[in-house]
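This report walks through one model, from a single residue out to the whole chain. Please look at the sequence and structure first.

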Amino acid sequence: MTDIDRKDRKILAELQAEGRLTNTELAERVHLSPTATAERVKRLTRDGYILGYSARLCPEKLGRGMIVFVEIRLERTTDDVFTAFAAAAKANADIMECHMVAGGFDYLVKARVKDMTAYRAFLSDALLTLPGIRETHTYAVMEEIKNSAAIAL
């Protein structure tokens with residue numbers, strides 16, 4: 001990957017804040033010509049700094065207002081169990097994030113569901129059926145203080 005300069009970082013910051021900017025609007029904000037801006041965006045995308053664009057949706061309006069974090073401890077920590085668990089977690093649409101972690105448990109899962117009833121169904125019908133699970137601990141979110149995918153630049 002190539003090194004990025006201050007202009008590249010400014011482009012990334014602007015796109016991260018508002019991904020629907022036109023190239024002309026972006027060029028004005030970063031004080032470059034539209035052609036130079038477009039070339040930089042192409043390079044930043046090609047080099048893997050920009051992974052894609054998406055819309056942020058309202059979870060409450062879509063019946064997914066409750067967030068739960070679940071600590072998962074596996075029965076065995078072997079490659080075959082890790083592989084099977086990871087594949088099953090990736091295939092589950094309720095799971096938004098799944099991270100293998102170091103410490104007192106093996107995975108941390110973030111899921112969005114409608115309510116506690118939906119969570120109980122998710123736990124019994126989906127989560128506990130994942131391969132190799134020995135134990136889970138759930139933390140239901142009472143209030144979302146900050147939710148950002150922004151990376152500090």
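## A buried threonine and its surroundings

Thr37 is buried, with a relative accessible area of 0%. Buried means under 20% relative accessible area, exposed means over 50%, and partly exposed lies in between, using a 1.4 Å probe and protein chains only. This is a predicted model, in which local features need pLDDT of at least 70 and side-chain atom pairs count only at pLDDT 80 or more, while totals for chains, interfaces and linings use all residues. Residues are numbered from 1 along each chain as its sequence is written, and side-chain values use heavy atoms, with hydrogens and water left out.

Thr37 sits in helix α3. Helices (H or I, at least four residues) and strands (E, at least two) are DSSP runs, numbered from the N terminus. Leaving out residues up to four places away in sequence, Thr37 touches Asn23, Leu26, Ala27, Val30 and Leu32. Contact here means heavy atoms within 4.5 Å.

One of these partners, Asn23, belongs to helix α2. Asn23 is partly exposed, at 29% relative accessibility. Beyond four places in sequence, Asn23 touches Pro34, Thr37 and Ala38.

## Loop residues

Where does Arg20 lie? Arg20 is in the loop between α1 (6–17) and α2. Arg20 counts as exposed, with 79% relative accessibility.

His31 occupies the loop between α2 (23–30) and α3. His31 is exposed as well, at 66% relative accessibility. The phi of His31 is near 60°, a positive value in a residue other than glycine. Most residues other than glycine have a negative phi.

Pro59 is in the loop between α3 (34–46) and β1. Is Pro59 buried or exposed? Pro59 is buried, with a relative accessible area of 18%. Setting aside neighbours within four places in sequence, Pro59 is in contact with Arg64, Gly65 and Arg112.

## Two nonpolar cores

A nonpolar core is a set of buried Ala, Val, Leu, Ile, Met, Phe, Trp, Tyr and Cys residues joined through side-chain atoms within 4.5 Å. The largest such core has 20 residues. Those with the most contacts inside this core are Val70, Ile72, Leu74, Phe85, Ile95, Phe122 and Leu127. Two or more residues each come from β1 (66–74), α4 (79–91), β3 (107–113) and α5 (116–125). Which element gives the largest share? That is β1, with five residues. A second, separate core has 10 residues, among them Leu15, Leu21, Val41 and Ile50.

Val70 has many partners to list. Outside its neighbours within four places in sequence, Val70 is in contact with Tyr107, Leu108, Val109, Tyr119, Leu127, Thr136, His137 and Thr138.

Arg73 is found in strand β1. Arg73 is partly exposed, with a relative accessible area of 25%. Not counting residues up to four places away, Arg73 touches Gly104, Phe105, Asp106, Gly132, Ile133, Arg134 and Glu135.

## Separations along the chain and in space

The table sets sequence separation beside C-alpha to C-alpha distance.

| Pair | Separation in sequence | Distance in space |
|---|---|---|
| Arg73 and Ile133 | 60 residues | 6.1 Å |
| Pro59 and Gly104 | 45 residues | 30 Å |
| Asn23 and Ala89 | 66 residues | 37 Å |
| Arg20 and Gly132 | 112 residues | 42 Å |

## The whole chain

How many helices and strands does the protein chain have? There are five helices and four strands. In sequence order, the pattern is α-α-α-β-α-β-β-α-β. The radius of gyration of the protein chain is 20 Å, well over the 15 Å that the globule rule gives for 153 residues, so the chain is more spread out than a compact globule. That radius is taken over C-alpha atoms, and the rule is 2.2 Å times the number of residues to the power 0.38. The C-alpha trace spans about 55 × 40 × 25 Å along its principal axes.

Of the 153 residues, 31% count as buried. Among contacts between residues at least 6 apart in sequence, 66% join residues at least 24 apart. The chain exposes about 10,400 Å², and carbon and sulfur atoms supply 54% of that area. Accessible areas come from the Shrake-Rupley method with a 1.4 Å probe; for residues, only the protein chains shown count as cover.
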